Amino acid sequence: MTVDALTGGSLTDVPGVRVGHATRIGDGWLTGTTVVLAPEGGAVAAVDVRGGGPGTKETDALDPRNVVQKVEAVVLTGGSAYGLDAASGVMAWLEERGRGVRVGADPLHVVPVVPAACVFDLGRGGDFRARPDAATGRAAVEAAAAGEPGAPVAEGCVGAGTGAVIGALKGGVGSASTVLDSGITVAALVVANAVGSALDPETGVLYGEFFQGRVRCPEAHVHEAARRRLDEVAARNAPPPLNTTLAVVATDAELSKAQARKLAGTAHDGIARAVRPVHLLNDGDSVFTLATGRRPLGDGPLALNEILAAGADVVTRAIVRAVRAAEPVDGPGGAWPSYGELYGGR
């Protein structure tokens, strides 16, 4: 597998990992749910939550001190805390297939542990009560299961990124991956929905692109027109009270829960490169990690370092891709131009 070091790949480049979206748009809706489905048998999982206003479910189970070692799925969803109900639909789907923590002699006696986190998008489609539920979560996991192995992840205004915004721009879902010299794959999926901005106000360049080695600034008149448009929509829209950037970083390396937790922590550096400011009291910034264990980590106490660095890099790239893939929205819940609408395909 060859992955472009700067722009290519997606979370599904980690063998066995699948992604499904459920999207609701129109008639007051602008929201959805994204499910990351682990290979059958689960993946070692961890989480690092750094935002001051998170909405999460089952994150305590991922603490390395606790008994659960593997999970079958992770849910990212719109709808703020209401949308966490989407995880119930994923749990039901997994239970029907006997996938989860065995709690009895019968193979079907399982409790699926489904960690979940939400972004705030309430009312962005016009109806505050239009938010994901268990049926939305089930639709997303069914879409994940039906996908072809290795199929690229749909990006932009889909799934949990449907109603996402990032500063005054439209946000969304983005994904990226890399293959290390060892052959280990590290990949990320991000829902970019932040109080902070992805856009350098002085140049019009996405912050994350400064770390990708090929920055080209927009022409001055294009940037000035974009700034005027952003000022207009910011004055029209209500201030975003609660926003969040969510990420899932996956690898085929064999990691312990403690190592996976470290990877989740350093992956937050990738958010900090691409969004300013981050980790505020009204953010819920959270990073999950999944390790499928198909490749040995390597020898020595520092073998993890290369994966840690790559995790942050793919998160930054995924945020850039999310912003570039987003489409503009102008409706009863507000107006959010896309980066492409303002700056074209530069």
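Which residues make the nonpolar surface patch of about 220 Å²? In this predicted model, the patch is made by Val101, Val103 and Val111. Val101 belongs to strand E7, which covers residues 101-102. With a relative accessible area of 33%, Val101 is partly exposed.

Two open sheets can be followed next. Strands of a sheet pair through backbone hydrogen bonds, either parallel or antiparallel. One open sheet has five strands in the order E1-E2-E6-E9-E4, and its pairing is mixed. Strand E1 (18-26) and strand E4 (56-57) stand at the edges with a single partner strand each, so one side of each has no neighbour in the sheet. E1 and strand E2 (residues 29-37) run antiparallel and are joined by nine bridges; Thr23 stands opposite Gly32 of E2.

Helices accompany this sheet. Helix H1 (residues 86-96) lies across E2, E4, strand E6 (73-77) and strand E9 (116-118), at about 155 degrees to E6. Helix H2 (residues 134-146) lies across E1 and E2, and its direction is about 135 degrees to E1.

An open sheet of six strands, again with mixed pairing, follows the order E5-E3-E15-E14-E13-E12. Here strand E5 (70-71) and strand E12 (172-179) are the edge strands, each pairing on one side only. Strand E3 (residues 43-49) runs antiparallel to E5, with two bridges between them, and Ala43 stands opposite Val71 in E5. Helix H4 (residues 257-274) lies across E3, strand E14 (246-253) and strand E15 (286-295), running at about 45 degrees to E3. Helix H5 (residues 305-325) also packs on the sheet, where H5 touches E12, strand E13 (185-192) and E14 and makes about 145 degrees with the direction of E12.

How values were computed: Residues are numbered from 1 along each chain as its sequence is written. This is a predicted model: local features need pLDDT of at least 70, side-chain atom pairs count only at pLDDT 80 or more; totals for chains, interfaces and linings use all residues. Side-chain values use heavy atoms; hydrogens and water are left out. Patches are made of residues with over 30% relative accessible area and no salt bridge: like charges are joined within 9 Å, nonpolar side chains (Val, Leu, Ile, Met, Phe, Trp, Tyr) within 5 Å. Accessible areas come from the Shrake-Rupley method with a 1.4 Å probe; for residues, only the protein chains shown count as cover. A salt bridge is a side-chain nitrogen of Lys or Arg within 4 Å of a carboxyl oxygen of Asp or Glu. Helices (H or I, at least four residues) and strands (E, at least two) are DSSP runs, numbered from the N terminus. Buried means under 20% relative accessible area, exposed over 50%, partly exposed in between (1.4 Å probe, protein chains only). Two strands pair if DSSP finds at least two bridges between them. Contact means heavy atoms within 4.5 Å. Axes are lines fitted to C-alpha atoms, for helices over the stretch in contact, and angles run from 0 to 180 degrees between N-to-C directions.
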